[in-house]
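The following account moves from a single residue pairing outward to the sheet, the helices and the chain as a whole. The reader is invited to keep the sequence and the coordinates in view throughout.

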Amino acid sequence: MLKTAHFGRTIAGCKNVLQQVGGRRPFGTNPKTKLRRVLVVSKLTRLEFEKNRDQSATSLSDAKLEQKIRDRGSDYDAMKYYHHLHKDVEEDVIRCFREQGIEVRVVNRLTINKELLRWADVLVPVGGDGTFLLAAGRASPFMLDEPRKIPVVGFNSDPRRSEGRLMLPKHYSANVGEAVKRILAGDFSWMHRSRIRITLVGAATTER
């Protein structure tokens, strides 16, 4: 029997419905906080995963990688289509923040690290709920070893196939600029979510 220990950590996330609120206030829960640095957490697409899954694939040309994927029986055309679908939304998010004078850096699950997390004023996952949970988990005070709570505001990069319940409403996937302006103006309300971390302690076993 494995012993389990679990505990919660509170993270700050943008409410999944941006609401009209009276008056304007600066970004964040601290009235003195202003948004200057955004860390975009990019979804690792299936095509990117295929490029990084082994060392030999990283040195392949696009044509040879395509052939390798097709030889395995995978649908390369669909893989490429959804890759670009995601990247289009991601590039729109980056562009809209930069147009407002915000410094933006981009990471994914392979490149995200504590230094960049501590640099950021807010995390902006672009993808689905899995990408949001990745960002939220890395941004927790437990993972960062510091009390600061980094807010998380997510954009759904594939609203036609995914609900993205932790993300902003689907409307903002096609209207990123509107969402960015409301975030910077403080025209929204925060929702605090609890995330449970579970640790399993005990001897590993293969018995079933």
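In this predicted model, a convenient point of entry is L39, whose bridge partner in β3 is R105. A second pairing with β3 places V40 opposite V106. These pairings belong to the contact between β2 and strand β3, residues 103-107, which pair in the parallel sense over five bridges.

Strand β2 also has strand β4, residues 122-127, as a partner; the two run parallel and are joined by five bridges. Here S42 stands opposite V126 in β4. Strand β2 itself spans residues 37-42 and is mostly covered, with five of its six residues buried.

The wider arrangement can now be stated. The strands form an open sheet of four, in the order β3-β2-β4-β5, with parallel pairing. Because β3 and β5 (155-156) stand at the edges and each has a single partner strand, one side of each is left without a neighbour in the sheet.

Just beyond β3, N108 occupies the loop between β3 and α5 (114-119). Is N108 buried or exposed? Its relative accessibility is 16%, and residues under 20% are classed as buried, so N108 counts as buried. The side chain of N108 reaches the backbone nitrogen of L110 at 2.8 Å. Once neighbours within four places in sequence are set aside, N108 is in contact with S42 and L44. S42, the residue that stands opposite V126 in β4, is thus also in contact with this loop residue.

The next element to consider is helix α6, residues 129-139, which lies across β2 and β4 and runs at about 155° to β4. T131 is located in helix α6. With a relative accessible area of 8%, T131 is buried. Which residues does T131 touch, not counting those up to four places away in sequence? The contacts are V41, S42, K43, P125 and V126. Of these, S42 and V126 were met above as residues that stand opposite each other between β2 and β4. A further relation involves F155: the C-alpha atoms of T131 and F155 are separated by 9.8 Å, although the two residues are 24 apart along the chain.

Another packing arrangement involves two helices. Two packed helices are described by the angle between their axes and the distance between the axes. For helix α3 (residues 62-71) and helix α4 (residues 76-99), the axes come within 9 Å and cross at roughly 125°. Angles over 145 degrees count as roughly antiparallel and those from 65 to 115 as roughly perpendicular; α3 and α4 are therefore oblique to each other. At this meeting, E66, I69 and R70 in α3 meet Y76, D77 and M79 in α4.

These local descriptions may finally be set against the chain as a whole. The protein chain has eight helices and six strands, and along the sequence they follow the pattern β-β-α-α-α-α-β-α-β-α-α-β-α-β. Of the 208 residues in the protein chain, 41% are buried. Among contacts between residues at least 6 apart in sequence, 78% join residues at least 24 apart. The protein chain exposes about 12,200 Å², of which carbon and sulfur atoms supply 50%.

Methods
Residues numbered from 1 in each chain as written. Predicted model: local features only at pLDDT ≥ 70, side-chain atom pairs only at ≥ 80, totals over all residues. Heavy atoms only, no water. Buried < 20%, exposed > 50% of the residue type's maximum accessible area, 1.4 Å probe, protein only. Pairing = 2+ DSSP bridges. Contact = heavy atoms within 4.5 Å. Areas by Shrake-Rupley, 256 points an atom, 1.4 Å probe, with all protein chains shown as cover. Polar contact = N/O pair within 3.5 Å; in protein donor to acceptor, adjacent residues only side chain to side chain. Axes fitted to C-alpha atoms, helices over the stretch in contact; angles between N-to-C directions. Parallel < 35°, antiparallel > 145°, perpendicular 65-115°, else oblique.
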